[in-house]
Structures are given as structure tokens and as C-alpha cells.
Amino acid sequence: MSEYIIETKDLSFNYPDGTKALKNVNIKIEKGKKISFIGVNGSGKSTLFLNFNGVLKPNSGDLVYKGDVVKYNSKSLLQLRKNVGIVFQDPENQLFSASVYQEVSFGAMNLKLQETEVRKRVDGALQSIGMYDYREKAVHFLSYGQKKRVSIADILVMNPEVIVFDEPTSSLDPKHSRQIVDIFDSINEKGITVILSTHDVELAYSWSDYIFVMRDGEVVKEGTPYEIFSDDKLISECYLQKPLILEIFQNLISSGKIKFQESVPRNKKELLEIINSN
């Protein structure tokens with residue numbers, strides 16, 4: 001039986017200028033999964049994420065965390081934000097301390113932990129994102145990719161159950177994007193639910209266990225990567241693109257160059273294995 005860690009029930013949110021950013025959103029996010037949200041800019045992804053950890057309060061509907069409806073008092077919000085961390089798109093909006101160590105230790109110190117526990121958590125978080133050797137370095141001397149990793153450590157030090165990433169690979173070159181995705185996998189292997197928004201359909205297709213598609217403040221479809229990206233009507237209506245691996249695979253089958261396969265490739269290695277076996 002599936003265990004859901006975050007749910008929304010008829011959740012709606014309007015900005016003060018009257019913009020209806022979310023409209024009766026009903027979703028269930030399974031614990032321990034790798035989840036992607038896709039959709040064009042303005043579809044509501046970032047607003048939904050800010051509702052996930054209580055930065056924004058819905059105008060109507062409920063946010064449910066581990067079966068309990070979230071109450072918007074200081075005690076409940078503190079507990080929610082400890083367990084659901086957000087890594088913002090631009091690390092400059094998240095980092096503010098002088099050194100890497102000071103930056104990452106800030107969250108743990110706010111939990112009123114013993115100094116030995118703070119050091120243990122900071123060291124562990126920095127090691128997990130490959131930045132331990134930079135712990136005494138000034139934050140403003142780091143590269144963009146390094147700042148991105150430190151912003152992840154900011155959240156890891158809190159020992160969250162969910163980490164939400166808003167466009168995590170934007171402005172990164174392919175090498176550093178791959179490093180960030182490797183960090184996602186390492187985090188997820190520890191049992192943490194990893195949620196991200198992305199415009200990169202190749203990443204969403206190859207990495208995700210489950211995908212939600214948003215348009216105009218609504219979730220218009222959800223499903224496995226294959227269910228999402230084999231829906232040509234959805235792809236057209238939501239201004240998406242079919243991932244290259246899936247497009248090649250479907251063309252090879254339709255042209256008769258390979259036999260129908262029950263297992264659909266998610267990456268280049270899997271596609272080549274299918275081609276070489278035919």
C-alpha cells in the first residue's frame with residue numbers, strides 16, 4: 001500500500017494582485033519517490049512548492065503532511081519547514097553567510113542542537129555534496145555550481161524527509177548538471193523524497209519515478225514518465241517536447257527497424273542495448 005508524504009486537497013492560491021496561481025490542486029506524493037513537475041513558466045509550479053513548506057498559505061483547500069492537515073501556527077510551520085526543505089533556483093537568494101561552514105551550520109544551530117551534533121551534521125552534509133574541502137572558503141568566491149551545492153547542504157543539515165528543488169539544473173553546464181542529478185540520486189537512496197520542477201524533459205523522463213504536468217495553475221495530468229511523454233496531445237497542448245530517447249525508440253518501432261519492446265528505454269544506454277539486441 002502506498003504511503004503518501006504530501007497531499008493537497010482542493011488547494012487554491014491567489015496572489016494579492018488577483019492572479020489565480022493555483023486552482024483546486026489535488027495531488028498525492030508518495031514517500032521516498034523521485035518526483036518531477038513540468039510545465040511552462042507561469043503554470044504554478046513554484047507557487048505550489050512554496051505552499052508545500054508553508055511559505056505561502058492557500059486561500060482555500062488543505063495541505064496534508066504525513067496524513068495530518070497543516071495548521072498555520074508557528075509551531076506547526078516550524079516542524080513542517082524542518083521536514084520539507086526548498087532549494088531555490090538561484091542560490092544567491094538562499095546564501096548569506098561569510099564562509100561555507102557558517103552558511104551550512106546556520107540551520108542546524110537554529111534547531112538548538114548541541115555543538116557536536118551541529119558539527120557532525122555540517123560535515124556530513126558537506127561531504128555528501130562534495131564540498132567538505134571548501135568548508136572554510138568564502139561563499140562569494142565559489143562558482144555558481146558550487147553555490148548550488150552549498151544551497152543543497154543548507155537543507156540537508158536539517159535532516160529533512162522531503163527536499164524540493166526549483167529548476168535545479170538551470171544555468172548549469174552538462175557536467176555540473178550531471179553532478180547535481182547524482183546528488184539527487186544519493187539523497188533519494190537515503191529515503192528522502194526528492195521533488196523538482198524542470199523544463200528539461202530529458203531529465204524528467206530519465207530520472208523521475210512519477211511526473212505531474214501543470215498548466216494555468218492546475219495539474220492536467222500525472223503518471224509515469226512513459227505515460228506522460230507518450231501522450232502526444234498533452235505534449236502539444238502543454239508546449240512540451242517528447243524526450244529524444246523516446247522519440248527515437250518509437251520511430252524505430254514504427255519503421256520496423258526493431259521489434260516491439262515491452263520495456264521502454266529511459267536513457268541512451270538502455271536504448272543502445274535494445275538496438276544491439278535486435
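Which loop holds proline 265? Proline 265 sits in the loop between α10 (244-254) and α11 (268-277). The model is a predicted one. Despite its place in a loop, proline 265 counts as buried, because its relative accessibility is 1%, and the cut-off for buried is under 20%. Its contacts, leaving out residues up to four places away in sequence, are Tyr205, Ile245, Phe249, Glu270, Leu271 and Ile274. Ile245 and Phe249 fall within the residue range of α10, and Glu270, Leu271 and Ile274 within that of α11. Tyr205 belongs to the range of α7 (201-207). Leucine 113 is a far point of reference: proline 265 and leucine 113 are 46 Å apart, C-alpha to C-alpha, with their positions 152 residues apart in sequence.

Now turn to the nonpolar interior. In soluble globular proteins, nonpolar side chains tend to be buried together. Here the largest nonpolar core has 34 residues. Within this core, Val104, Ile152, Phe165 and Ile187 touch the most other members. The elements that supply two or more residues are α3 (100-110), α4 (115-128), α5 (144-156), β7 (162-166), α6 (174-189), β8 (193-197) and α7 (201-207). Apart from this core lies another, of 26 residues. Leu11, Ile35, Phe49 and Val84 are among its members.

Take isoleucine 187 as a way into the larger core. Setting aside residues up to four places away in sequence, isoleucine 187 touches Ile152, Leu156, Ile163, Phe165, Ile192 and Val194. Two of the core's best-connected members, Ile152 and Phe165, are thus found in the contact list of isoleucine 187.

Next, the helix pair α5 and α6. Their axes come within 11 Å and cross at roughly 15°. The cut-off for roughly parallel is under 35 degrees, so α5 and α6 are roughly parallel to each other. The crossing of α5 past α6 is right-handed. On the α5 side, the contact uses Lys148, Arg149, Ile152 and Leu156. On the α6 side, it uses Gln179, Ile180, Ile183 and Ile187. By class, these residues divide into five nonpolar, one polar and two charged.

How do the axes of α3 and α4 cross, and at roughly what angle? They cross at roughly 125° and come within 9 Å. That angle makes α3 and α4 oblique to each other. This crossing is right-handed. From α3, the residues in contact are Val100, Tyr101, Val104, Ser105, Ala108 and Met109. From α4, they are Val118, Arg119, Val122, Asp123, Ala125 and Leu126. The contact of α3 with α4 has nine nonpolar residues, one polar and two charged. Val104, named above for its many contacts in the core, takes part here too.

Helix α3 also carries glutamine 102. Is glutamine 102 buried or partly exposed? It counts as partly exposed, because its relative accessibility is 43%. Its C-alpha atom lies 9.9 Å from that of lysine 137, a residue 35 places away along the chain.

Last comes lysine 34, in strand β3 (residues 34-38). Lysine 34 counts as buried, because its relative accessibility is 17%. Neighbours within four places in sequence aside, lysine 34 is in contact with Asp185, Asn188, Val194, Trp207, Ser208, Asp209 and Tyr210. Among these, Val194 is also a contact of isoleucine 187.

Methods: Residues are numbered from 1 along each chain as its sequence is written. This is a predicted model: local features need pLDDT of at least 70, side-chain atom pairs count only at pLDDT 80 or more; totals for chains, interfaces and linings use all residues. Side-chain values use heavy atoms; hydrogens and water are left out. A nonpolar core is a set of buried Ala, Val, Leu, Ile, Met, Phe, Trp, Tyr and Cys residues joined through side-chain atoms within 4.5 Å. Buried means under 20% relative accessible area, exposed over 50%, partly exposed in between (1.4 Å probe, protein chains only). Helices (H or I, at least four residues) and strands (E, at least two) are DSSP runs, numbered from the N terminus. Contact means heavy atoms within 4.5 Å. Axes are lines fitted to C-alpha atoms, for helices over the stretch in contact, and angles run from 0 to 180 degrees between N-to-C directions. Angles under 35 degrees count as roughly parallel, over 145 as roughly antiparallel, 65 to 115 as roughly perpendicular and the rest as oblique. A crossing is left-handed if the near helix is turned anticlockwise from the far one by less than a right angle, and right-handed if clockwise. Ala, Val, Leu, Ile, Met, Phe, Trp, Tyr, Cys and Pro count as nonpolar, Asp, Glu, Lys and Arg as charged, and the others, Gly among them, as polar.
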